[in-house]
Amino acid sequence: MTRRFGVYPGSFNPPTIGHLAIAQAAARQRGLERVDLAVSRVALGKELTVVPPFEDRIAVLEASVAGIDSVEVVVTDHQLLVDIAQGYHVVVMGADKWAQVQDPAFYGNSVEARDRAVESLLGLELAVAPRPPFVVPSGAELDIAPELVEVSSSGARQGRLEWMTPAARAFDEATGAWSDPDLYGRSARPQ
């Protein structure tokens, strides 16, 4: 039997219980040995995150997946999904990310570049988590618990602290990293 691996690109800022559920569902439902949570040093289409710094975010993400055999963290210099996905069998994402993949704005407003990029994904299996109102490609939907469909990092940063992973919540309680960035700047960060 061929060993199969998946990649789930994202900023995971902060990591949420939804991210972990999606990664684990992809591993189970697509027969993957491992799903790598791939974090770009500079995320495409996102402002440069200063608080918390990249190193702290990676440490929290690694703590969040500790003890989950089928999920690991990798750091990449690639930004485009099609580049990050090279060498993997399955690309994991939310339906909102799938909508971005199809948006020419992420390819210098070039429809041709977008079409080439999307075409390069056709050899890969997609595992797409539902995120209304976005459309999931036929045959690509992951079965995710309905209560997790709306979970997002944006929502966690806006006060839904229960959506953070336990490691992210503990880090936030100690530093204010996501809930109170001003406190984060004044606090002694855990090492």
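This briefing covers a buried threonine, a helix pair and the salt bridges of one predicted model. In this predicted model, local features need pLDDT of at least 70 and side-chain atom pairs count only at pLDDT 80 or more, while totals for chains, interfaces and linings use all residues. Residues are numbered from 1 along each chain as its sequence is written, and side-chain values use heavy atoms, with hydrogens and water left out.

**Thr 165**

- Thr 165 sits in the loop between α6 (153-157) and α7 (166-175). Helices (H or I, at least four residues) and strands (E, at least two) are DSSP runs, numbered from the N terminus.
- Thr 165 is buried, at 1% relative accessible area. Buried means under 20% relative accessible area, exposed over 50%, and partly exposed in between (1.4 Å probe, protein chains only).
- Setting aside neighbours within four places in sequence, Thr 165 is in contact with Pro 15, Thr 16, Ile 17, Leu 20 and Ser 64. Contact means heavy atoms within 4.5 Å.
- The side chains of Thr 165 and Ser 64 also share a polar contact of 2.6 Å. A polar contact is a pair of N or O atoms within 3.5 Å; within protein, one must be able to donate a hydrogen and the other to accept it, and residues adjacent in sequence count only if both atoms are side-chain atoms.

**Helices α2 and α7**

- The axes of α2 (residues 54-65) and α7 come within 7 Å and cross at roughly 140°. Axes are lines fitted to C-alpha atoms, for helices over the stretch in contact, and angles run from 0 to 180 degrees between N-to-C directions.
- The two helices, α2 and α7, are therefore oblique to each other. Angles under 35 degrees count as roughly parallel, over 145 as roughly antiparallel, 65 to 115 as roughly perpendicular and the rest as oblique.
- From α2, Asp 56, Val 60, Ala 63 and Ser 64 meet Ala 167, Ala 168 and Phe 171 of α7.

**Salt bridges**

- The count is eight salt bridges. Each is a side-chain nitrogen of Lys or Arg within 4 Å of a carboxyl oxygen of Asp or Glu.
- Asp 36 pairs with Arg 34, with the closest N and O atoms 2.6 Å apart. Asp 36 is buried at 2%, whereas Arg 34 is partly exposed at 22%.
- Asp 77 and Arg 41 form a salt bridge of 2.7 Å, N to O. This pair links distant parts of the chain, 36 residues apart. Asp 77 is exposed at 62%; Arg 41 is partly exposed at 46%.
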